[in-house]
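I opened my notebook for another look at a fold. Here is what I pulled up, entry by entry.

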Amino acid sequence: MLAARSRFTSIARRSFATEATPAAADQKYKVVVVGGGPGGLSVSSTLSKMLGKDKVAVIDPADYHYYQPLWTYVGGGLKDFRESQRPMQSVIPEKADWIKERVTKLDPDNNRVGLANGKTVGYDYLVVAAGIQINWDQIKGLPESLGKDGVTSNYSPESVQKTYKFIQEFKGGNALFTFPNTPLKCPGAPTKIVFLAEEAFRLQGVRDKTNVTYNTSAGKIFGVDHYGQVLQRLADERGIKVNFQHELIEIKPNDRQAIFRNNANQETKTFDYDFLHVAPPQGPPTFIKESKLADAAGFVDVDKFTLRSNKYKNVFALGDCSNLPTSKTAAAITGESGVLKANLIADIEGKEIKQHEYDGYTSCPLIVGREQLVLAEFSGYTGQPMETFPVDQRQVSSTAQYLNKEIIPSIYWNGLLKGLWTGPGAFRRMMEPLRK
């Protein structure tokens, strides 16, 4: 009996040890970056140059990398879609390993990432830059309507290529545009396409028989009043009807009707449409929402100044997947990436330094016409302007349009993705005496 008890105890100990000590990861890196978007590539470019080969991995299943800010111009007929797309292989840093697989689990307690193929990747440091998840199915009827019969969205690489086609085919009637009741990347994008389409209808000679309606779930046309007042004035001048607190909940493609809920009184209202541009609901990637890294809303919970996880000191996050209380834009990522890299490198090198802090800088180039743009730059933390140039950037500008359309894409491809561009902060400081 004693022998049997001894064997049972031995088996129990082995079983407990197996449960308490997971099997070793299939691969291990000093730094693992989840996401091959602008944030992930900026960080991995810098870190892989510093640490050398076999030390940094980028995990992303995509075949292509997209410069998505260009999609407004694609939808407005001002840019070719191909200019926004490059093979992922061509933008992965030379000294980083690309793991072309989908992440299914984040396990920060054991410093590892689970992949869809069943393998795991271990790390000393984790950077989460996984972007935001578009939830098309949260609007009834949208998945089956998208890209057909005048229903489009600049948030999809497929449907954005149909937006301008539908605008050109539009012969008058009801042109309807939406803004969701969720966080979303580039909050100005749903408004930009309204202005571009309205101008196109004028140029096509159908504006006099067209109703242009912008139904937004928000309480104002743009979150920062310093620029929002300009947008609202332009909308009024151009006969664009803006309905606030209107959230799209269903599309009936056979009837060409869109159903909205008024979030102020919960009443529903039906709008007929001949052209419909949808900005879809968005949220945190599921594998983040289900992990211990998430906050209550499902985004990575980080310190808004240092970008370090509030729960795990060897985890950082930036961009759309984080809960940083600023706009989810590529411009914000420029500033975030500089701060994150400085703090992460100090940790890796064992340096005791004053942590670098992110000030909430973001930019939303508000396109209001083919040659017109309001260059909004501000802190998402304070709502105050953080303008680079010594002019009133609320003014509609063709120069700002050229900068955003022709110059900034080059900075993105050759600066941000290669870890060389961390925002216009230095230029803003140089221009400060001129602004005063």
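**Loop residues with positive phi**

I started with Asp 149, which sits in the loop between helix H5 (142–145) and E10. Helices here are DSSP runs of H or I with at least four residues, strands are E runs of at least two, and both are numbered from the N terminus. The phi of Asp 149 is near 50°, a positive value in a residue other than glycine.

Before going on, I noted the ground rules: this is a predicted model, where local features need pLDDT of at least 70 and side-chain atom pairs count only at pLDDT 80 or more, while totals for chains, interfaces and linings use all residues. Residues are numbered from 1 along each chain as its sequence is written, and side-chain values use heavy atoms, with hydrogens and water left out.

I then looked up Asn 111, which has a positive phi of about 55° although it is not a glycine. Asn 111 is in the loop between strand E6 (103–107) and strand E7 (112–115). Is Asn 111 buried or exposed? Neither quite fits: Asn 111 is partly exposed, with a relative accessible area of 29%. The cut-offs I used are under 20% relative accessible area for buried, over 50% for exposed and partly exposed in between, with a 1.4 Å probe and protein chains only.

**Domains**

Next I pulled the domain assignment, which gives domain 1 (27–132 + 284–359) and domain 2 (136–282). Such bounds come from an automatic or database domain assignment. I found the C-alpha centres of domain 1 and domain 2 lying 31 Å apart. How many residues of domain 1 are in contact with domain 2? I got 16 residues of domain 1 in contact with 19 residues of domain 2, where contact means heavy atoms within 4.5 Å.

**The parallel sheet and H7**

I went back to E10 and found an open sheet of 5 strands in the order E10-E17-E11-E12-E13, with parallel pairing. Strand E10 (151–152) and strand E13 (241–243) stand at the edges with a single partner strand each, so one side of each has no neighbour in the sheet. Two strands count as paired if DSSP finds at least two bridges between them. E10 is joined to strand E17 (residues 275–277) by 2 bridges, and Val 151 stands opposite Leu 276 in E17.

Helix H7 (residues 189–203) lies across strand E11 (173–179), strand E12 (210–216) and E17, and runs at about 180° to E12. For such angles, axes are lines fitted to C-alpha atoms, for helices over the stretch in contact, and the angles run from 0 to 180 degrees between N-to-C directions.

I checked Lys 192, which is found in helix H7. Lys 192 counts as buried, at 6% relative accessibility. What is Lys 192 in contact with, leaving aside its neighbours within four places in sequence? My list reads Thr 72, Cys 186, Cys 364, Pro 365, Leu 366 and Ile 367.

**The E20–E21 hairpin**

Ile 367 from that list led me to another pairing: in E21, the bridge partner of Ile 367 is Leu 373. Strand E20 (residues 361–369) is mostly covered, with 9 of its 9 residues buried. E20 and strand E21 (residues 372–379) pair in the antiparallel sense over 8 bridges, forming a hairpin with 2 residues between them.

**The antiparallel sheet**

I also logged 3 strands that form an open sheet in the order E14-E15-E16, with antiparallel pairing. Strand E14 (246–252) and strand E16 (268–272) are at the edges, each with a single partner strand, so one side of each is left without a neighbour in the sheet. The twist averages 30° from one strand to the next. I counted 5 bridges joining strand E15 (residues 257–262) to E16, and Ala 258 has Phe 271 as its bridge partner in E16.

**Helix H10**

My last stop was helix H10 (residues 330–348), which has 19 residues and reaches 26 Å from its first C-alpha to its last, close to the 27 Å expected at 1.5 Å a residue. The expected span is 1.5 Å times one less than the number of residues. H10 has a kink of about 25° centred on Glu 336; the bend at a residue is the angle between axes fitted to the seven residues ending there and the seven starting there. H10 is mostly covered, with 14 of its 19 residues buried. Just after H10, Gly 350 takes a positive phi of about 70°.
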